[in-house]
Amino acid sequence: MESQNKSVAFQWIVPSVVLMVVVLIMLFDFSSKSSKEASELVYKDLISKTENYADNLCTELRQMHSVAAPMAELLKRNGVADTKYVQQILEITAQCSEAHQVLYCDLEGNGYNENGEKIAIGDKTFFETVLTQTDCPYVFAGAQDDIPQQDCIVAATKVEGEKEQGYLLLFYSTHEFANVLSASDADASGQLMLLDTEGKVLALSGFGKTTKVGMNIIDQVAERGPESSRIIKNRLKNGTRGTTEVLIGDNTRILSYAPFGINGWEMMMSVSRSY
């Protein structure tokens, strides 16, 4: 009788144990899938936000350039001999755009700003780039160039008349960009960066202190993750969007990036892993 009871108990216990194991496996598999799906949703959300930031800034710069086009046409038609007239055109251009500063100069870099002050930028690095860059009207001007007195993105429009040849230059201050993340839901360490094709940080927004303007994000990541650095370098080079989890210092960060649409530059967002 006792042997029979044990046999019956065994018949019940074994299926129950098997069922519990199956349930645990299913729960683990479900948990893993849920975690993976949640991570994918976060990554997609970060990429989407990064793309939106890129589109917004790109739109501002293109609107600024669109303001310059008719003003350059007026300078072409009426000439630049009358400095008061030129100053008026520059003042109107500044008022109708997001430009921090507006200049007109000849091909030697000599001209005036919107305040009527004489300027000479022929020896400035950014102006040399303006003269040689024909495929895109935007260049970066660092504060060390003195003329903008702060980091700027310059929108250059050529003025080509019968007698006059020069440039109408509008400077967009990256200080404006610095406030972009202040009203967002990014974490306290979140940073938004505008990168050139080499990974150099041209502009920065956010409260985090992980990365600073002028630093190279590729080199920074390479210190703790050479492979991650190579991935980011290739993706920046190819102008692709995506996310990469990296170690910067002792902190794990998620970097999301998207093409900026100008000069092959890239917009990148950096948030903590716990985002």
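**Notebook: salt bridges in the predicted model**

I began with aspartate 45 and lysine 49, and found that their side chains meet in a salt bridge, with 3.4 Å from N to O. The model I am reading is a predicted one, and I noted that the structure holds five salt bridges; three of them are entered here.

I then looked up where this pair sits: aspartate 45 and lysine 49 are four residues apart in helix α1, which covers residues 2-78, so about one helical turn separates them. Checking accessibility, I found aspartate 45 partly exposed at 32% relative accessibility, whereas lysine 49 has 17% and counts as buried because the cut-off for that class is under 20%.

Next I turned to glutamate 73, which forms a salt bridge with arginine 77, and I recorded 3.2 Å between the closest N and O atoms. Glutamate 73 and arginine 77 also lie in helix α1, four residues apart, and therefore about one helical turn from each other. For this pair I wrote down a relative accessible area of 31% for glutamate 73, which is partly exposed, and of 65% for arginine 77, which is exposed.

My last entry concerns helix α6, residues 226-238, where arginine 230 and glutamate 227 both lie, three residues apart, about one turn of the helix. Their side chains meet in a salt bridge, for which I noted 2.7 Å from N to O. I looked up both partners and found arginine 230 partly exposed with a relative accessible area of 46%, and glutamate 227 likewise partly exposed, with 46%.

As a general reminder to myself, side chains of opposite charge can pair when their charged atoms come close.

Definitions and conventions
Residues are numbered from 1 along each chain as its sequence is written. This is a predicted model: local features need pLDDT of at least 70, side-chain atom pairs count only at pLDDT 80 or more; totals for chains, interfaces and linings use all residues. Side-chain values use heavy atoms; hydrogens and water are left out. A salt bridge is a side-chain nitrogen of Lys or Arg within 4 Å of a carboxyl oxygen of Asp or Glu. Helices (H or I, at least four residues) and strands (E, at least two) are DSSP runs, numbered from the N terminus. Buried means under 20% relative accessible area, exposed over 50%, partly exposed in between (1.4 Å probe, protein chains only).
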